[in-house]
Structures are given as C-alpha cells and as structure tokens.
Amino acid sequence: MTPTPLWSLSATQIAALVRARSLSAREVAQAALARLDAVNPAINAVVECRPEETLAAADRVDAMLAAGRDPGPLAGVPVTIKVNVDQTGYATTNGITLQKDLIAATNNPVVESLLSAGAVSLGRTNTPAFSYRWFTNNLLHGHTYNPRNRALTPGGSSGGAAAAVAAGIGAIGHGTDIAGSVRYPAYACGIHGLRPSIGRVAAWNASGKDRSIGGQIMAVSGPLARTVDDLRLALAAMARPDARDIWWVPAPLTGPAVDRRAALCLCPDGAETAPELQRALRAAAERLRDAGWQVDEVDDLPPIKQAVAVQLTLWMGDDYAGQVAMAEREGDPGAIAALAGQREFALSLGMAEFSAALTRRVTIARAWQLFTERYPVVLLPPSAELPFADDLDLRSDADYARVWEAQAAMIGLPVTGLPALTLATGATADGTPLGVQIVAGKYREDVALAAAEAIEARQPAVTIATPAG
C-alpha cells in the first residue's frame with residue numbers, strides 16, 4: 001500500500017501526530033514545501049515563500065515539544081496567509097504595486113493567533129487588486145488559477161488561499177471575507193470556508209486599513225480547509241483575544257444546545273438558482289434529516305437583496321471618487337471595472353442614503369437574528385450560479401451585471417453579522433464544484449459547524465486537486 005503523503009493529511013491529523021511526537025514538524029514542513037514546489041507553478045496560489053523561515057518555524061515547534069512544552073493546538077500545521085494582512089517582514093500588498101514595499105513591522109492579530117498556536121507559515125497567498133473581485137489576478141503577483149479546472153475562477157478575493165488548500169498546499173488557508181471573499185473561493189475550489197461572526201476573530205493592520213471599507217462594512221478573517229474538523233480547529237486558534245481590535249467579543253466557542261431545526265431555501269429573494277445547486281441543497285437537507293435534524297423548506301428568508309443595497313451604499317458611499325482614483329493610479333483592469341460597474345449607483349448616493357443604510361442595516365440584522373431563533377440553521381445557495389468562467393466579469397457589461405446578480409447571498413449576508421459557512425458537496429458530471437451555504441445565529445459557529453459536519457459525514461470526502469501543468 002502506498003503511504004499517505006504527509007502534505008495530504010488534515011490539520012487535525014498533523015497536530016495530533018506532531019504533538020504525540022510520532023511525526024516531526026520539520027518532516028511535515030519539508031513535505032509541504034515539496035508539494036508547493038510541485039504544484040504552485042501551475043496555479044500561482046502562493047506568491048511569496050521563504051523556505052528557510054518555514055523550516056525554522058517547524059524546528060521551533062519540535063524544540064518546544066522536546067523540552068516538554070506545549071506549542072499549541074496547531075502544532076506543526078502548515079498554513080498560508082493572505083497578502084492583505086500584516087505578517088512581520090512581509091509586504092502587505094493587497095495585490096497592488098502601490099504597496100509592494102509596504103513591509104509590516106508587526107503581525108496582524110489573526111496571524112499572531114495562528115503562529116502562537118503552533119502553525120507553520122508556508123507563504124503568502126494571492127488576492128485580486130484591492131481584494132475587490134471574485135476573480136484573482138493583479139499586476140503585481142499575476143494570475144491565480146483554479147486547481148480543479150483552469151477555465152473556472154478560483155474565486156476571490158481569497159482565491160490564492162482556496163487554490164492552495166484545494167491543491168494540497170497547506171492544510172489551512174487564512175482568508176478575509178467582506179462580500180464572500182472566504183466563502184466564494186471555497187465554493188469555487190471545492191473546499192470548505194467559514195466567515196465567522198463579526199467580532200469573533202481579532203484583526204487589525206498597523207500598515208493600513210483592514211476589517212472595513214470606510215469603517216462601516218466589517219471584513220472578517222476566517223479559515224479555509226478540506227475538512228470541517230479543520231475549520232473548527234482553525235477557528236479556535238484564530239479567536240484569540242487581542243486588545244488592538246476594539247471589535248473583538250469574548251464570546252464562547254460553544255453555546256447552549258439548540259433544537260436541530262433547519263430552514264432550506266432554494267431561491268432566496270427570487271434568485272434564479274442553478275438546477276445543479278438546487279439538487280445539491282436538497283441532498284444536503286436529506287443528509288441533515290438522516291442525522292436527526294428537522295428540515296423545513298421555506299419559500300423565502302429575511303432580506304438579502306435589501307442587504308446587498310445596504311452593503312453597496314456603505315461601500316460606494318464612502319469616498320467612491322477616492323477609490324476610483326486609487327484604482328486608476330494602480331491601473332488594474334479588474335479593480336477599475338469593479339468600481340466602474342457601480343458608478344451610476346455610487347453617484348446617486350448622498351448623506352441621506354448613507355444614513356438610511358445604517359438604520360436599515362440594524363433592521364435587517366435583527367430580522368435575521370430573530371429568524372435564527374426559530375431556525376438555528378439556514379441552508380441556502382452559495383451563489384445562484386455554478387462557479388464562474390475565469391474573468392467573466394470583464395467580458396461585457398452584461399456579464400458584469402450577471403456576476404453581481406448571482407452573488408447576492410455572498411454580498412448581503414455580512415450585513416447580518418452572522419456566521420456563514422460554505423460546504424463543498426461534490427461536483428457535477430464534468431467536475432465543476434458544488435456546494436451549499438450554511439448560516440447560524442450570532443456567535444453560533446458551533447451550530448453551523450455541527451450541521452456541516454453532519455452533512456460531510458454522509459458524503460464523499462473532499463479530494464485534493466492535481467492541477468494541470
């Protein structure tokens with residue numbers, strides 16, 4: 001029997017073996033670096049790697065264990081870090097040439113949390129310029145490709161993180177999500193991704209803004225992984241307190257028992273959900289029922305399209321002209337197009353619209369929170385469409401509008417502040433990834449993870465992609 005490659009092990013398996021000293025962190029790191037060398041040239045997911053630093057970090061984990069000390073719950077686990085958060089000694093590029101020399105002097109809290117838990121950084125992963133799009137390419141780091149199908153987007157903005165994890169480069173990928181930037185790449189690359197509740201994971205960049213656009217729309221750091229257990233393990237490490245983040249909330253990682261009741265909505269707010277995704281949702285619902293959950297199909301959910309309007313108002317209403325000027329200065333076609341497509345909407349906004357959006361945000365969040373009191377879990381599509389053809393949004397104005405229309409659940413749900421998880425559920429006959437989205441009550445990531453785990457246990461495991469060279 002062929003031995004299982006170390007790079008293919010889950011984070012949970014690696015941490016257990018390393019902590020038991022059945023495997024050294026250096027052996028794991030060497031295998032992970034070899035996998036990166038083998039497949040990253042085909043997908044360009046990791047855009048900066050310093051092998052000597054990776055091996056030195058692994059050696060520190062081994063030295064701690066040899067001295068009888070606990071390196072943490074992620075002992076020896078290879079992880080990747082997105083280029084839009086600070087990591088000491090690395091440029092926080094956010095995919096733009098304008099920041100290629102913006103070297104971080106400190107770690108972002110989420111990076112500090114991962115490394116303090118014993119994780120070993122493999123390198124930095126790609127993002128679209130300014131982290132604006134659901135497609136990942138830029139003028140600084142180049143184009144990232146989906147390891148399952150080069151013709152499809154790897155998603156964005158955490159496209160590099162998702163492509164890396166799907167291809168076996170690291171067990172956990174760090175991503176950020178403001179309008180689907182963790183959830184969509186996970187879906188497009190056929191893995192799992194969790195956007196935690198606002199305030200769950202501390203994050204702050206000394207080198208510039210993060211967490212928000214204009215301080216209004218919260219961006220959240222979250223994990224991408226190939227197993228639900230690994231999402232849970234990563235979340236526990238990421239949720240460490242840090243006084244630099246004033247939004248961090250000391251909420252427990254597990255809460256009181258809830259009724260195992262879920263709402264299934266195939267076409268929220270009239271979305272024209274692809275038939276393949278509708279079948280995936282029904283199959284996921286049946287797996288939940290098999291696990292003892294009551295699943296009720298509902299015609300609609302609390303507002304999503306209204307939440308999209310709120311999200312766009314708070315984004316585009318905050319110095320739209322300045323955002324456009326920065327994009328034009330960078331000269332990135334994707335960033336310019338992403339903003340240009342919202343020009344008419346942005347120019348219609350004034351102080352009254354901005355103020356009304358703040359009020360409407362609270363109303364929408366309350367409606368969703370009350371709904372999750374009745375249904376602790378909500379099943380809905382991750383997108384109205386199967387993963388897009390790569391760079392679809394740049395082909396025409398109609399294609400740009402089509403992409404944004406399909407992504408309502410990605411854009412709108414962050415307004416609620418609730419945790420949302422995309423779970424890979426297999427693929428179509430031609431290998432196109434399928435998935436579902438799971439929403440739970442505020443700070444009830446444990447409930448979302450439990451439902452995801454019940455579905456995962458009743459379907460084939462996520463496979464590791466072998467990218468075409």
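Okay, let me open with a question: is the crossing of H10 and H11 left-handed or right-handed? It's left-handed. I'll come back to that pair in a moment, but first a caveat: what we have here is a predicted model, so please take everything I say in that spirit.

Let's stay with those two helices. H10 covers residues 320-330 and H11 covers residues 333-340, and their axes come within 8 Å of each other, crossing at roughly 155°. The cut-off for calling a pair roughly antiparallel is over 145 degrees, so H10 and H11 are roughly antiparallel to each other. If you want to look at the contact itself, on the H10 side you have Tyr320, Gln323, Val324, Ala327 and Glu328, and they meet Ala335, Ile336, Leu339 and Ala340 from H11. And one backbone oddity while we're here: Asp319 sits in the loop between helix H9 (305-316) and H10, and its phi is near 55°, a positive value in a residue other than glycine.

Right, on to the sheet. It's an open one with 11 strands and mixed pairing, and the order reads S1-S3-S2-S6-S10-S7-S14-S15-S13-S11-S12. At the edges you find strand S1, residues 46-48, and strand S12, residues 294-297, each pairing on one side only. From one strand to the next the twist averages 30°.

Let me walk you through part of it, starting with S10. How many residues of strand S10 are buried? It's 6 of the 6, residues 220-225, so the strand is largely enclosed by the rest of the structure. Val220, Gly222 and Leu224 point one way, Ser221, Pro223 and Ala225 point the other way, and all of them are buried. That's the textbook pattern, by the way: in a regular strand, side chains alternate between the two faces of the sheet.

Now the neighbours of S10. Strand S6, residues 172-177, runs antiparallel to S10, with 6 bridges joining them, and Gly175 stands opposite Gly222 there. S7 is antiparallel to S10 as well, joined by 2 bridges. In that pairing, His192 has Ala225 as its bridge partner in S10.

Keep going across S7, which is residues 192-195, and you reach S14, residues 420-427: 3 bridges, again antiparallel. Leu194 is the residue to click on here, since it stands opposite Leu421 in S14.

S14 then pairs with S15, antiparallel, through 7 bridges, and Ala420 has Val439 as its bridge partner in S15. Those two strands form a hairpin with 5 residues between them, and in it Gly431 takes a positive phi near 90°.

S15 itself, residues 433-440, is mostly covered, with 8 of its 8 residues buried. That goes for both faces: Pro433, Gly435, Gln437 and Val439 on one side, Leu434, Val436, Ile438 and Ala440 on the other. Next along is strand S13, residues 377-380, which pairs with S15 in the antiparallel sense over 4 bridges. Val377 stands opposite Ala440 in that pairing.

Okay, cysteines. How many disulfides does the structure hold? The count is 0. Take Cys49: its closest cysteine sulfur is in Cys189, 19 Å away, which is too far for a bond. The cut-off is within 2.5 Å. As for their surroundings, Cys49 is partly exposed, with a relative accessible area of 28%, whereas Cys189 is buried at 0%.

Last, a few individual residues. Glu276 is in helix H8, residues 275-290, and it's partly exposed, with a relative accessible area of 27%. Leaving out residues up to four places away in sequence, Glu276 touches Leu386, Thr428 and Leu434. Its C-alpha is 20 Å from that of Asp296, and the two are 20 residues apart along the chain.

Just ahead of H8, in the loop that follows strand S11 (261-264), you'll find Asp269. Its phi is near 55°, another positive value in a residue other than glycine, and Asp269 is partly exposed, at 21% relative accessible area.

And finally, one for anyone checking omegas: the peptide bond from Gly156 to Ser157 is cis, with omega near 10°. Ser157 lies in the loop between strand S5 (142-143) and helix H5 (159-166). That's my tour, thanks.

Terms used:
Residues numbered from 1 in each chain as written. Predicted model: local features only at pLDDT ≥ 70, side-chain atom pairs only at ≥ 80, totals over all residues. Heavy atoms only, no water. Pairing = 2+ DSSP bridges. Axes fitted to C-alpha atoms, helices over the stretch in contact; angles between N-to-C directions. Buried < 20%, exposed > 50% of the residue type's maximum accessible area, 1.4 Å probe, protein only. Parallel < 35°, antiparallel > 145°, perpendicular 65-115°, else oblique. Left-handed = near helix turned anticlockwise from the far one by under 90°. Contact = heavy atoms within 4.5 Å.
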